[in-house]
Amino acid sequence: MNPVIEVKDLHKSYNGVKAVDGVSFEVAEGETFGFLGPNGAGKTTTINILCTLLNSDSGAVFVNGHDCAKEPSKVRSSIGLVFQDVTLDNELTAYENLKFHCYMYNMDYRLAQTRIAQMLSVVGLTERRDEIVRKFSGGMKRRLEIARGLLHRPKVLFLDEPTLGLDPQARAGVWEFINGIKKGIKKDAGSTVFMTTHYMDEAEACDRIAIIDNGRVIACDTPAGLKRSLKGDTVHLKTSDDARAREEIEREFGIKSAMVESGLVLLVDGGDKFIPRLFERLTTSISSVNMKKPSLDEVFIHLTGKEIRDYGGNGRGGH
Amino acid sequence: MFSYKAVYVIVLREFKRFFRQKGRLVVTAARPLLWLLIVGSGFGRLVQTGGGVNYMQFILPGIVGMTILFSSIFSTMSVVWDREFGFLREMLVAPVPRVAIVAGEILSGSMLSLFQGAMLLIVAPFLDISIGYSELAAMIFLMLLVSISITAFGLFVASFMTSLEGFNVIMNFIVLPMFFLSGALYPVSGLPLPLKVLTFINPLCFGVDSFKHVLLPGAGRLSAEFPLVVDVAFLAVFAAIFVFSSAYVFERRK
């Protein structure tokens with residue numbers, strides 16, 4: 001399979017701060033590729049470079065075989081975009097927003113009409129066609145934006161935090177819709193989806209994930225592969241004094257643990273045998289212990305030493 | 001390939017937005033009339049005019065200029081607005097040259113200004129200023145020229161601005177002096193030298209002066225102060241400079 005997106009050793013700094021620090025990855029055609037990382041990790045910077053909205057400092061970036069720096073116009077016709085925040089014109093109707101897009105992509109009137117009708121029915125907004133977008137709910141706006149991003153049948157659909165700021169019900173709706181779209185477009189166009197997120201459950205739905213932190217890709221694999229990479233079990237621990245318990249565990253067992261909001265997280269081989277020994281040797285009193293197979297949350301904690309929600313802002317990690 | 005469809009749809013959008021904002025429509029219609037009636041009659045008592053022109057007639061060309069000035073600047077504000085609220089990105093990721101976006105914004109802004117300026121000419125007969133077909137044609141040409149100059153200038157400034165507040169601050173230091181140094185309310189030839197220098201770089205000054213050529217012929221010391229050909233030449237050069245500069249800046253900025 002040919003890569004639709006190729007990024008090699010990408011660098012970008014703002015005022016001396018490295019936002020993207022040597023990122024490389026490839027996305028194959030038809031793949032749903034997720035960029036997972038906390039806010040400020042460099043996800044949006046990378047996506048902006050891929051979308052030709054930003055110039056890189058160095059590195060090679062190809063989308064659909066076109067160099068983002070040299071042929072931005074060709075890259076732009078190959079991609080569809082749904083931004084983190086709403087980029088609809090609130091004063092226009094749903095139809096007018098879509099028509100604007102069609103004409104910007106040089107479609108003629110008849111093609112525009114067909115595609116608009118088609119996409120409106122896909123996103124279930126046919127009845128709202130002539131309503132001013134200002135009156136739409138957040139979920140409806142998102143759906144309309146996704147519909148707009150697909151109007152010109154892009155090779156790659158970029159979704160930058162597609163469900164940010166939506167309530168759970170609206171998020172579920174958007175996801176159901178993205179999955180439906182993917183099945184639909186994969187059949188006839190082979191579209192690729194590139195998305196950024198800091199929600200574990202959304203990352204879980206991708207074919208492959210790159211975990212990005214401090215401007216670097218620290219892991220890139222399928223969700224299952226990432227989880228397999230953590231051999232053993234994860235143990236979640238709550239004690240009367242987490243900092244002290246952490247020191248003790250490191251001294252007694254030689255195991256480093258990550259301190260997160262809910263307590264300590266340890267990665268151990270054979271957790272069932274480890275827990276009794278922990279009770280035996282730890283002098284700090286333990287209030288709860290929980291053992292499970294690693295999830296993406298734990299993969300992230302293990303790789304970065306941090307919980308994604310530590311800097312995620314709205315306290316919603318994966319469940 | 002020039003993306004005429006993109007230009008068309010950008011103009012269409014700006015027109016739709018303009019006619020849907022009821023508040024903006026009301027302000028647009030009321031402001032010049034308030035100036036004419038209140039300032040016109042207030043100062044009319046105070047100012048000794050001559051040449052068979054009363055003060056209200058004298059300020060009509062200036063108020064047409066003011067209407068175009070405010071309308072054009074307001075239009076370019078929408079670019080800053082679009083940047084702040086994200087819509088500009090929808091345009092910037094489209095596969096159209098940036099020049100098409102600039103062309104669409106300048107065209108829509110100038111046409112809206114021209115429309116508002118032309119609407120104001122309806123009051124001319126009530127002020128005893130007669131407008132025939134040739135005057136109307138001349139006014140439309142001149143108003144379009146002024147509209148393009150100021151819209152292109154505003155767009156140039158707007159393309160450096162990332163927030164609406166910043167734009168408003170800058171514009172208040174430009175727009176109001178531009179208006180007061182335009183000869184709209186008093187002839188600029190009487191101004192002290194430092195201010196007079198500023199009028200020579202003010203496109204609105206030449207614009208208002210060109211309107212006076214058409215609307216106030218033979219009004220003595222209250223008629224136009226520069227030759228019409230100078231007015232038109234200045235405006236054309238000014239417009240060309242800023243159309244190209246804003247296209248250039250748009251192309252370069254990321």
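## Briefing: helix packing in chain B and selected residues of chain A

In this predicted model, helix 5 of chain B and helix 6 of chain B are oblique to each other. Their packing angle is about 135°, and an angle has to be over 145 degrees to count as roughly antiparallel. Helix 5 of chain B also packs with helix 1 of chain B. Chain A is described below by its overall make-up, followed by three of its residues: A:S24, A:S257 and A:E298.

**Helix 5 with helix 6, chain B**

- Helix 6 of chain B covers residues 133-158.
- The axes of helix 5 of chain B and helix 6 of chain B lie 8 Å apart.
- The crossing of helix 5 of chain B with helix 6 of chain B is right-handed.
- Helix 5 of chain B brings B:V102, B:E105, B:I106, B:G109, B:S110, B:S113, B:L114, B:G117 and B:A118 to this contact.
- Helix 6 of chain B meets them with B:I140, B:M143, B:L144, B:S147, B:I148, B:T151, B:A152 and B:L155.
- The contact of helix 5 of chain B with helix 6 of chain B has 10 nonpolar, 6 polar and 1 charged residues.

**Helix 1 with helix 5, chain B**

- Helix 1 of chain B spans residues 4-20, and helix 5 of chain B spans residues 98-120.
- These two helices pack at about 40°, with axes 8 Å apart.
- Helix 1 of chain B and helix 5 of chain B are therefore oblique to each other.
- Their crossing is right-handed.
- On helix 1 of chain B, the contact is made by B:V7, B:I10, B:V11, B:E14, B:F15, B:F18 and B:F19.
- On helix 5 of chain B, the contact residues include B:A100, B:I101, B:G104, B:E105, B:M111 and B:F115.
- The contact of helix 1 of chain B with helix 5 of chain B divides into 13 nonpolar, 3 polar and 2 charged residues.
- B:E105 takes part in the contact with helix 1 of chain B and in the contact with helix 6 of chain B.

**Chain A as a whole**

- Chain A holds 12 helices and 14 strands.
- Along the principal axes, its C-alpha atoms fill a box of roughly 75 × 45 × 40 Å.
- Of the 319 residues in chain A, 54% are buried.
- Take the contacts in chain A between residues at least 6 apart in sequence: 70% of them join residues at least 24 apart.
- The accessible surface of chain A is about 13,900 Å², and carbon and sulfur atoms account for 48% of that surface.

**A:S24**

- A:S24 sits in strand 2 of chain A, which runs over residues 17-28.
- A:S24 is partly exposed, at 39% relative accessibility.
- Setting aside residues up to four places away in sequence, A:S24 touches A:V7, A:K8, A:D9 and A:V217.
- A:S24 and A:N106 are 82 residues apart in sequence, and their C-alpha atoms are 33 Å apart in space.

**A:S257 and A:E298**

- A:S257 lies in strand 12 of chain A, residues 257-260.
- A:S257 has a relative accessible area of 8%, so it counts as buried.
- Apart from residues up to four places away in sequence, A:S257 touches A:R246, A:L264, A:V265 and A:L266.
- A:E298 belongs to helix 11 of chain A, residues 296-304.
- A:E298 is buried, at 3% relative accessibility.
- Beyond its neighbours within four places in sequence, A:E298 contacts A:L230, A:T234, A:H236, A:V265, A:K292 and A:K293.
- A:V265 is touched by A:S257 and is also in contact with A:E298.

Conventions. Residues are numbered from 1 along each chain as its sequence is written. Chains are lettered from A and ligands numbered from 1 in the order in which they are written. This is a predicted model: local features need pLDDT of at least 70, side-chain atom pairs count only at pLDDT 80 or more; totals for chains, interfaces and linings use all residues. Side-chain values use heavy atoms; hydrogens and water are left out. Axes are lines fitted to C-alpha atoms, for helices over the stretch in contact, and angles run from 0 to 180 degrees between N-to-C directions. Helices (H or I, at least four residues) and strands (E, at least two) are DSSP runs, numbered from the N terminus. Angles under 35 degrees count as roughly parallel, over 145 as roughly antiparallel, 65 to 115 as roughly perpendicular and the rest as oblique. A crossing is left-handed if the near helix is turned anticlockwise from the far one by less than a right angle, and right-handed if clockwise. Contact means heavy atoms within 4.5 Å. Ala, Val, Leu, Ile, Met, Phe, Trp, Tyr, Cys and Pro count as nonpolar, Asp, Glu, Lys and Arg as charged, and the others, Gly among them, as polar. Buried means under 20% relative accessible area, exposed over 50%, partly exposed in between (1.4 Å probe, protein chains only). Accessible areas come from the Shrake-Rupley method with a 1.4 Å probe; for residues, only the protein chains shown count as cover.
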